[in-house]
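Colleague: I would like a close look at one part of this model, with the helix packing and the pocket treated together. Please take me through it slowly, as I will be following along in the viewer.

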Amino acid sequence: MDRDDLLDQLTEDILAYVMHGAFPEREFASAIKPDALDERFTEYELLLDLHFILSPSVIEFVEQLPQRVRNLQTDTESITRTRRGTIDGKINWSATIKQRYAQNPGDRSVFVCDNRTEDYDTDENLVFKRVVAIIYETLREADEYLQKEYAWVNDRWDTTLVNHLRRIVEQNVHVRRIRKPKAYEPTDRMVNTASESRHPIYRDAAALLEQRRRLFEGDREQLETLLTETAITPDDDETLLELFVLFRFIATLEELHGTSAQFETIKTGRQEVAQLTNDNGTEIAVYHDNSASKRGLSFRAFPDGQVGLSRTEKVHTTGFDIANDYFHDREFQNRTGRPDIIVLEITHPDGEQDYLITEVKNSTNMKTIR
């Protein structure tokens, strides 16, 4: 299979690959399967937001913020208050004379004052604040990727752009004056108001919220567009093949056991990639690449000792012993590297643990295949 074939097969599974990757040069979202994705990936919402902030429309929105944020609009409201003995604001003499005449014509301590206040909590500003908060919080969740300078992140979110956003959210006085939207906000009415604003910053914010809403509702067209623009795929064909085999492997287990796997995001330091539990209570945990090290698993190139060994095994063990006796200044180890895929079956009815180990190699070399 070539790279295009592998990408065509991965489709929905590629969402789980949040590791060291690169953007594909071709569009490949023609066959994704959005149904029940949120049930299969335990961090589905975070994954969608991670892809959301990588989209060109979000990047362009943030790039324009330093100039646009100066033009945030407020509602100006006039408040009239009656004061006695003090002046608070601009005196409304016409209203003051009327008030004095109505109460006590001789009381010159009564004043009617007008005050103008700026209201930052407009519908448009709440829509803007919500979009900026989503981007800001997602970047904070993705901080480990930013720190490790993965190419697929820094191609879009370089240090300058990240710092621009952080300064706007954390230091800009106008943005900070806008209250935090409530859980149910912004409402459809608020988004509609922002979408009809004459100011581009509000129209773009409304469009991004609508894009994200459709994405979270599983809109197929929106998912395909997002994957086409922001898909994170492995840098090399070998890793891509491993990933393809991994998900075909899991799909086979699902079919054999008649159950669905629960996926985790694949990234450095994570343990199980997926877990399955069949009808008899047996639990299966699937590991990929370095995730097995978390379980303290290691693999011997051949068995220890001589009892019950086959002829081939005896050749290996004898060769190992001779090499250690002959080369006194070198230390040989009878361990091999970790396999690329490990399926660990636990909670077996008889209490035993069974291991099924698969090594993935992308090669046409006969010796390697043997």
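**Helix α7, its partners and the pocket**

Modeller: Happy to. In this predicted model, α4 and α7 cross in a left-handed sense. The residues that make the contact are Val58, Phe61 and Val62 on the α4 side, and Phe128, Val131, Val132 and Ile135 on the α7 side. Sorted by class, these are seven nonpolar residues, with no polar and no charged ones. To find the two helices in your viewer, look for residues 56-63 (α4) and residues 123-141 (α7). Their axes are 12 Å apart, and the packing angle is about 110°. Angles of 65 to 115 degrees count as roughly perpendicular, and α4 and α7 are therefore roughly perpendicular to each other.

Now stay on α7 and turn to α10, which covers residues 159-171. Here the axes come within 11 Å, and the helices cross at roughly 120°. That angle makes α7 oblique to α10. This crossing is left-handed too. From α7 come Val132, Ile135, Tyr136 and Leu139, and from α10 come Leu165, Arg166, Val169 and Glu170. By class, this contact has six nonpolar residues, no polar ones and two charged ones. Val132 and Ile135 deserve a second glance, as both take part in the contact with α4 and also in the contact with α10.

From α7 we can move on to the largest pocket. This pocket holds about 320 Å³ of space, and α7, α12 (188-195) and α13 (200-216) each give its lining at least two residues. In total, 15 residues line the pocket. The largest share is that of α13, with six residues. Nearest the centre of the pocket you will find Pro186, Val191, Leu209, Arg212 and Arg213. The lining as a whole is made up of eight nonpolar residues, one polar residue and six charged ones.

Pro186 is a good residue to zoom in on. Besides being among the residues nearest the pocket centre, Pro186 follows a cis peptide bond: the link from Glu185 has omega near -5°. Pro186 sits in the loop between α11 (173-177) and α12.

Last comes the other side of the story for α13. Besides lining the pocket, α13 packs against α14, residues 220-230, with axes 8 Å apart and an angle of about 105°. The helices α13 and α14 are therefore roughly perpendicular to each other. Where they touch, Gln211, Arg214 and Leu215 of α13 meet Glu221, Gln222, Leu223 and Leu226 of α14. This contact is a mixture of three nonpolar, two polar and two charged residues, whereas the contact of α4 with α7 has no polar and no charged residues.

Definitions and conventions: Residues are numbered from 1 along each chain as its sequence is written. This is a predicted model: local features need pLDDT of at least 70, side-chain atom pairs count only at pLDDT 80 or more; totals for chains, interfaces and linings use all residues. Side-chain values use heavy atoms; hydrogens and water are left out. Axes are lines fitted to C-alpha atoms, for helices over the stretch in contact, and angles run from 0 to 180 degrees between N-to-C directions. Helices (H or I, at least four residues) and strands (E, at least two) are DSSP runs, numbered from the N terminus. Angles under 35 degrees count as roughly parallel, over 145 as roughly antiparallel, 65 to 115 as roughly perpendicular and the rest as oblique. A crossing is left-handed if the near helix is turned anticlockwise from the far one by less than a right angle, and right-handed if clockwise. Contact means heavy atoms within 4.5 Å. Ala, Val, Leu, Ile, Met, Phe, Trp, Tyr, Cys and Pro count as nonpolar, Asp, Glu, Lys and Arg as charged, and the others, Gly among them, as polar. On a 1 Å grid over the protein atoms alone, a cavity is a set of points where a 1.4 Å probe fits but cannot get out, and a pocket is an open set with protein on both sides within 12 Å along at least five of seven lines; lining residues have an atom within 4 Å of a point. Grid points are joined across faces, edges and corners, and a volume is the space filled by probe spheres set on the points.
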